Amino acid sequence: VVHFNKLYVGFMFRRYDEVKQLAVAYDAIASLPFNTILISHCMHVFYGGLINFWIARKTMDVSWFDRGEKAIEKMRSYADCSSWNFQNKLLLLQAEQCFYLEDIESAKRFYDAAILSAKEHKFVHEEALACELAGHFMLESGEGRAALPYFLLAQKKYHEWGAYAKEKSLEKYIKEQFGSETTTETNIGLSIPAEPDLRKRRAS
């Protein structure tokens with residue numbers, strides 16, 4: 001649990017090198033038989049999946065992508081039992097999956113759907129996270145101006161959640177990336193997703 005908490009904090013503050021190192025160690029711990037029940041916890045699956053896709057994009061190591069896909073399958077089973085609690089998490093994992101696959105249009109729709117689902121189901125912290133990850137996706141896809149409203153909305157939602165350290169961290173990142181372009185505009189258009197085309201999966 002302590003190890004996962006460190007992994008979670010590193011991920012939330014975008015400390016990639018630290019997260020990768022912790023993820024490798026966590027994966028070794030998770031493979032032990034007595035940890036099966038623990039790692040099946042929905043939040044371990046959710047954040048573990050997001051981290052796996054992040055590392056997969058950075059390293060182009062398909063083994064991390066495979067771990068992310070397994071997280072999607074587990075989350076889909078949770079969503080089948082309770083769409084209220086898990087739909088937004090599944091959608092965000094699918095958005096990150098499409099990001100890796102470079103299925104840009106599908107990724108946009110999944111990010112938007114994840115944001116909308118989190119909003120409708122009152123998960124303000126996960127609405128914030130979905131907005132932030134959508135912003136990183138837009139930025140890395142060369143759509144910087146489209147990314148800014150997502151980051152600003154994420155900052156607003158982190159504030160609503162009471163995550164002031166995260167809010168300040170994101171505020172600093174926004175100023176570094178956008179400088180004088182930063183505004184208070186947080187309006188974003190949300191669209192409906194389709195299933196990702198896994199035929200576009202790229203092996204390392």
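Which residues is Tyr 111 in contact with, leaving aside its neighbours within four places in sequence? The tour returns to this residue after a view of the whole fold.

**The whole chain**

Display the full model, which is predicted, and colour it by pLDDT. The mean pLDDT of the protein is 86, and 82% of its residues reach 70 or more. Next, select residues 192-204, where pLDDT stays under 50. The model has 35 contacts beyond four places in sequence for this segment. Where pLDDT is low, the predicted coordinates should not be read in detail.

Switch to a cartoon representation. The protein has 10 helices and 0 strands, and its pattern along the sequence reads α-α-α-α-α-α-α-α-α-α. Of the contacts between residues at least 6 apart in sequence, 65% join residues at least 24 apart. Buried residues account for 49% of the 204 residues.

**Tyr 111 and the nonpolar core**

Select helix 7, residues 104-120, and centre on Tyr 111, which is placed there. Tyr 111 counts as buried because its relative accessibility is 1%, where buried means under 20%. Beyond four places in sequence, Tyr 111 is in contact with Leu 92, Ala 95, Glu 96, Phe 99, Ala 130, Leu 133, Ala 134 and Phe 137. For a distance check, pick the C-alpha atoms of Tyr 111 and Cys 98: these residues are 13 apart in sequence, and their C-alpha atoms are 9.8 Å apart in space.

Move next to Leu 92, one of the contacts of Tyr 111. Setting aside its neighbours within four places in sequence, Leu 92 is in contact with Phe 46, Leu 50, Tyr 111, Ala 114, Leu 129, Ala 130 and Leu 133. Ala 130 and Leu 133 are thus listed for Leu 92 and also for Tyr 111.

Now widen the selection to the largest nonpolar core, which has 62 residues. Within this core, Phe 11, Leu 50, Leu 92, Tyr 111 and Leu 129 touch the most other members. In soluble globular proteins, nonpolar side chains tend to be buried together.

**The cavity**

Where is empty space enclosed? The structure holds 1 cavity of 30 Å³ or more, and about 30 Å³ of space lies in the largest cavity. To view its lining, select Tyr 8, Met 12, Tyr 47, His 125, Glu 126, Leu 129, Tyr 158 and Trp 161. Helix 1 (2-12), helix 8 (124-140) and helix 9 (144-161) are the elements that give two or more residues to this lining. Helix 8 provides the largest share, 3 residues. By residue class, the lining divides into 6 nonpolar, 1 polar and 1 charged. Leu 129 appears in this lining and among the core residues that touch the most other members.

**Helix 1 and two loops**

Select helix 1 and show side chains. Its buried residues are Phe 4, Leu 7, Gly 10, Phe 11 and Met 12. Met 12 also lines the largest cavity.

Continue to Arg 14, which follows helix 1 and lies in the loop between helix 1 and helix 2 (16-30). Its phi is near 60°, a positive value in a residue other than glycine. With a relative accessible area of 22%, Arg 14 is partly exposed. Most residues other than glycine have a negative phi, and most peptide bonds are trans.

For the last stop, select Glu 102 in the loop between helix 6 (83-101) and helix 7. Although Glu 102 is not a glycine, it has a positive phi of about 60°.

Key
Residues are numbered from 1 along each chain as its sequence is written. This is a predicted model: local features need pLDDT of at least 70, side-chain atom pairs count only at pLDDT 80 or more; totals for chains, interfaces and linings use all residues. Side-chain values use heavy atoms; hydrogens and water are left out. A nonpolar core is a set of buried Ala, Val, Leu, Ile, Met, Phe, Trp, Tyr and Cys residues joined through side-chain atoms within 4.5 Å. Buried means under 20% relative accessible area, exposed over 50%, partly exposed in between (1.4 Å probe, protein chains only). Contact means heavy atoms within 4.5 Å. On a 1 Å grid over the protein atoms alone, a cavity is a set of points where a 1.4 Å probe fits but cannot get out, and a pocket is an open set with protein on both sides within 12 Å along at least five of seven lines; lining residues have an atom within 4 Å of a point. Grid points are joined across faces, edges and corners, and a volume is the space filled by probe spheres set on the points. Helices (H or I, at least four residues) and strands (E, at least two) are DSSP runs, numbered from the N terminus. Ala, Val, Leu, Ile, Met, Phe, Trp, Tyr, Cys and Pro count as nonpolar, Asp, Glu, Lys and Arg as charged, and the others, Gly among them, as polar. pLDDT is the predictor's confidence in each residue, from 0 to 100.
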